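Student: Hi, have you got a few minutes to look at a model with me? I'd like to go through it piece by piece.

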Amino acid sequence: MKFIHYSLQFARDLASLLDRWSFTHYCLQFVRGLWSLLVGMKTTLRIFFRRKTTECYPENRKTLTMFDRFCGELILVHNEHNEHKCIACGICEMNCPNGTIRVVSEKVTDPEGKTTRVLQRYEYDLGSCMFCRLCTKTCPHGALAFAPTFEHAVFTRSKLVHQLNREGSKLEKKQKE
Ligand code: SF4
Ligand code: SF4
């Protein structure tokens, strides 16, 4: 009889111990979960009040300005008199690794008998340009630059081939010092 009594007592004690242990375990897990939530919220709140770096595009299309080093597309720089600095030497065309540039020129002889190359058409294929800047860096006359334009999506690749010399433009005359 005594043995049964002790066994029952032992079983009751053990059940109570297990109960207490599982409650403690539950509390520990709860505190750990709460702590992890607070750590996550701390990061969320910090980012929430930080200055925004994202742009609301395309709503801000009119005010959006790109950074200085951004290469949108190659341009032949023209001044206010519709003059450019390109002497049609073809150096940019030779240096372009992608065959993106095509310089069409003709030889013109002036009344004094001096023959010079005159630019007819400066073609640039934006679709194959990899924006390496070799053309702008090697142009001996600083005739080229990159514009910060960025909306170039078209449905036909041929529309990405642009003529960079403007209609009626001519070579800028050198200022006499
Ligand atoms: S853009 Fe410059 S490098 Fe290219 S053909 Fe004209 S002058 Fe020569
Ligand atoms: S940036 Fe590079 S790939 Fe593009 S036109 Fe100039 S040289 Fe060619």
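Student: Into which domains is the chain divided?
Tutor: Happy to help! Bear in mind that this is a predicted model. The chain is split into domain 1, residues 1–53, and domain 2, residues 73–171.

Student: How many Å apart do the C-alpha centres of domain 1 and domain 2 lie?
Tutor: Those two centres are 72 Å apart.

Student: OK, ligands next. Which residues surround ligand 1?
Tutor: The shell of ligand 1 includes Cys86, Cys89, Cys92 and Cys139, along with His141. Ile87, Ala88, Gly90 and Ile91 also belong to that shell, as do Val103, Ala143 and Leu144.

Student: And how do the residues of that shell around ligand 1 divide into nonpolar, polar and charged?
Tutor: There are 10 nonpolar and 2 polar residues, with no charged ones.

Student: What about ligand 2, which residues come nearest there?
Tutor: Of the 13 residues around ligand 2, the nearest are Cys96, Cys129, Cys132, Leu134 and Cys135. The shell of ligand 2 has 9 nonpolar residues, 3 polar and 1 charged.

Student: Switching topic: what order do the strands have in the open sheet?
Tutor: The order is 3-4-6, and the pairing of these 3 strands is antiparallel. Strand 3 (101–109) and strand 6 (161–163) are the edge strands, each paired on one side only. From one strand to the next, the twist averages 25 degrees.

Student: Over how many bridges do strand 4 and strand 6 pair?
Tutor: Strand 4, residues 115–125, pairs with strand 6 over 3 bridges. Aspartate 125 sits opposite valine 161 of strand 6.

Student: And what holds paired strands together in general?
Tutor: Strands of a sheet pair through backbone hydrogen bonds, in either a parallel or an antiparallel way.

Methods. Residues are numbered from 1 along each chain as its sequence is written. Chains are lettered from A and ligands numbered from 1 in the order in which they are written. This is a predicted model: local features need pLDDT of at least 70, side-chain atom pairs count only at pLDDT 80 or more; totals for chains, interfaces and linings use all residues. A residue is near a molecule or strand if its C-beta atom, placed from the backbone, lies within 6 Å of it. Ala, Val, Leu, Ile, Met, Phe, Trp, Tyr, Cys and Pro count as nonpolar, Asp, Glu, Lys and Arg as charged, and the others, Gly among them, as polar. Two strands pair if DSSP finds at least two bridges between them. Helices (H or I, at least four residues) and strands (E, at least two) are DSSP runs, numbered from the N terminus. Axes are lines fitted to C-alpha atoms, for helices over the stretch in contact, and angles run from 0 to 180 degrees between N-to-C directions. Domain bounds come from an automatic or database domain assignment.
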